[in-house]
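These are my notes from a session of looking things up in one structure. I wrote each entry as I went.

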Amino acid sequence: MTEAYISLTDVHPYQRLLSYPDNNPTQQAQYLRQLHQLGVECLLATGPARLAGLPLLGVGYCGLVIAGIWRGRAVAIKLRRSSCRQANLNEEARILRQVNLLNLGPQLYCQRGDLLVMERLSGQPLGRWLQHLSTEDAPELGRILKRLFWQGFYLDAAGIDHGALRCAAEHAFIDGERLTLIDFSHSSTNRHPNNVTSLVAGLLWGTRLTQDIRRILPLPERDVLLPWLQGYKKQPERLNFQALLHAIGLNEQET
Ligand SMILES: Nc1ncnc2c1ncn2[C@@H]1O[C@H](COP(=O)(O)OP(=O)(O)O)[C@@H](O)[C@H]1O
Ligand SMILES: [Mg+2]
């Protein structure tokens with residue numbers, strides 16, 4: 001994939017994406033100034049997503065994520081969109097910093113107001129990654145799922161609710177053996193964390209992802225798991241978590 005440099009002094013045609021879809025020159029100029037102040041050296045025209053015909057890393061409701069270079073490093077830059085319900089990215093950054101202390105999430109490099117600069121992840125989201133698996137890959141899928149549940153457990157134990165793990169298909173990034181949870185824009189440290197519960201629901205029942213997983217790895221039905229899930233919900237402790245993993249059939253998987 002080519003990665004054309006886009007200098008901040010001549011950002012056209014990416015100028016449009018700096019306030020998408022409203023095309024507001026004042027906001028574009030402000031974002032450019034802030035990118036410069038944060039130490040972003042340039043943007044890169046690359047990524048699997050497309051907006052206005054331009055390649056970028058991703059498009060969400062809260063932000064656009066564009067590749068760039070910051071202090072010589074490959075980074076992902078999240079720019080807040082006007083459609084985002086949060087007033088700025090401060091809270092997302094505050095939580096991502098805590099998540100990084102647990103050695104989870106993409107490394108946050110810096111953030112101010114509407115812009116957040118983080119480690120650029122390679123690899124692909126779980127949903128897309130699953131499409132390339134066959135039944136022979138069942139052990140690899142088992143290892144990845146086990147890691148995903150453990151990360152959910154570490155977040156639960158730290159009192160951080162990710163808030164969008166029912167959509168694990170797009171919020172778990174897989175790069176070889178590394179699994180990284182992304183997008184803490186819905187996260188909170190003020191509500192009861194539901195990460196493991198959301199993962200079980202999102203991965204094991206009722207979604208398109210479930211079908212893709214079960215095609216490769218046979219997993220127990222909902223009724224079988226409910227008592228274990230309820231046990232963990234009542235007392236979200238390590239032993240109960242491990243019992244749940246065991247009931248799912250993942251505790252014996254090597255990590
Ligand atoms: N650090 C990253 N490295 C590479 N791609 C990323 C990174 N962070 C986000 N993305 C891509 O951008 C998309 C949108 O980012 P996300 O944080 O989910 O935004 P939103 O809060 O708007 O949903 C993600 O689904 C993912 O595909
Ligand atoms: Mg998202």
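**Entry 1: charges over rings.** I started with R73, which lies over the face of Y109, at 4.8 Å from the ring centre. I then looked up W205 and found the charged end of R222 over its ring, 4.9 Å from the centre. I note here that I am reading a predicted model.

**Entry 2: aromatic pairs.** How many aromatic pairs does a search of the whole structure find? The search gives eight. I picked out the pair of F153 and F241, which is stacked, with 4.7 Å centre to centre and 10 degrees between the planes. To place the two rings, I looked up their helices: F153 is in α4 (residues 138–158) and F241 is in α9 (residues 238–248). The two parts are 88 residues apart in sequence, so this pair ties them together.

I also checked whether these two residues are buried or exposed. F153 has 5% relative accessibility and counts as buried, because the cut-off for buried is under 20%. F241 is at 1% and counts as buried too. Then I followed the ring pairs outward and wrote down a cluster made of W150, F153, Y154, Y232 and F241.

**Entry 3: another residue of α4.** I stayed in helix α4 and looked up Q151, which lies there. Its relative accessibility is 10%, so I put Q151 down as buried. Which residues does Q151 touch, not counting residues up to four places away in sequence? I listed L104, L179, T180 and L181.

**Entry 4: the ligand.** Next I turned to ligand 1 and found 19 residues around it. The closest are C62, G63, K78, E119 and D183. I looked for side chains with an N or O atom by an oxygen atom of the ligand. For K78 I wrote down a distance of 2.7 Å. For D183 the distance is 2.8 Å. S185 has a polar side-chain atom 3.0 Å from an oxygen atom of ligand 1. How much of the ligand's area does the protein bury? Taken alone, ligand 1 exposes 550 Å², and the protein buries 92% of that.

**Entry 5: back to D183.** Since D183 had come up beside the ligand, I looked up its backbone. D183 is not a glycine, yet its phi is positive, about 65 degrees. I found D183 in the loop between β12 and α6 (195–204). With 18% relative accessibility, D183 counts as buried, because the cut-off is under 20%.

**Entry 6: a second positive phi.** N103 is another residue other than glycine with a positive phi, near 65 degrees. I placed N103 in the loop between α2 and β8 (108–112). Is N103 buried or exposed? It is exposed, at 70% relative accessibility.

**Entry 7: cis peptide bonds.** I wrote down a cis peptide bond between H12 and P13, with omega about 10 degrees. P13 is in the loop between β1 (4–7) and α1 (25–38). A cis bond also joins Y20 and P21, where omega is about 5 degrees. When I looked up the place of P21, I again got the loop between β1 and α1.

**Entry 8: E177.** I found E177 in the loop between β11 (172–175) and β12 (178–181). Its relative accessible area is 41%, so I recorded E177 as partly exposed. Leaving out residues up to four places away in sequence, E177 touches R143, I144 and R147. I looked up one of these contacts further: E177 and R147 are 30 residues apart in sequence, and their C-alpha atoms are 9.5 Å apart in space.

**Entry 9: R85.** My last residue was R85, in the loop between β7 (73–80) and α2 (90–101). I recorded R85 as exposed, with a relative accessible area of 67%. How far apart are the C-alpha atoms of R85 and W129? They are separated by 30 Å, and the two residues are 44 apart along the chain.

How values were computed. Residues are numbered from 1 along each chain as its sequence is written. Chains are lettered from A and ligands numbered from 1 in the order in which they are written. This is a predicted model: local features need pLDDT of at least 70, side-chain atom pairs count only at pLDDT 80 or more; totals for chains, interfaces and linings use all residues. Side-chain values use heavy atoms; hydrogens and water are left out. Helices (H or I, at least four residues) and strands (E, at least two) are DSSP runs, numbered from the N terminus. Buried means under 20% relative accessible area, exposed over 50%, partly exposed in between (1.4 Å probe, protein chains only). Contact means heavy atoms within 4.5 Å. Rings of Phe, Tyr and Trp (its six-membered ring) pair if their centres lie within 6.5 Å; planes under 30 degrees apart count as stacked, over 60 as edge-to-face and the rest as tilted. A charge sits over a ring if NZ of Lys or CZ of Arg is within 6 Å of the ring centre and within 35 degrees of the ring normal. A residue is near a molecule or strand if one of its heavy atoms lies within 4 Å of it. A polar contact is a pair of N or O atoms within 3.5 Å; within protein, one must be able to donate a hydrogen and the other to accept it, and residues adjacent in sequence count only if both atoms are side-chain atoms. Accessible areas come from the Shrake-Rupley method with a 1.4 Å probe; for residues, only the protein chains shown count as cover.
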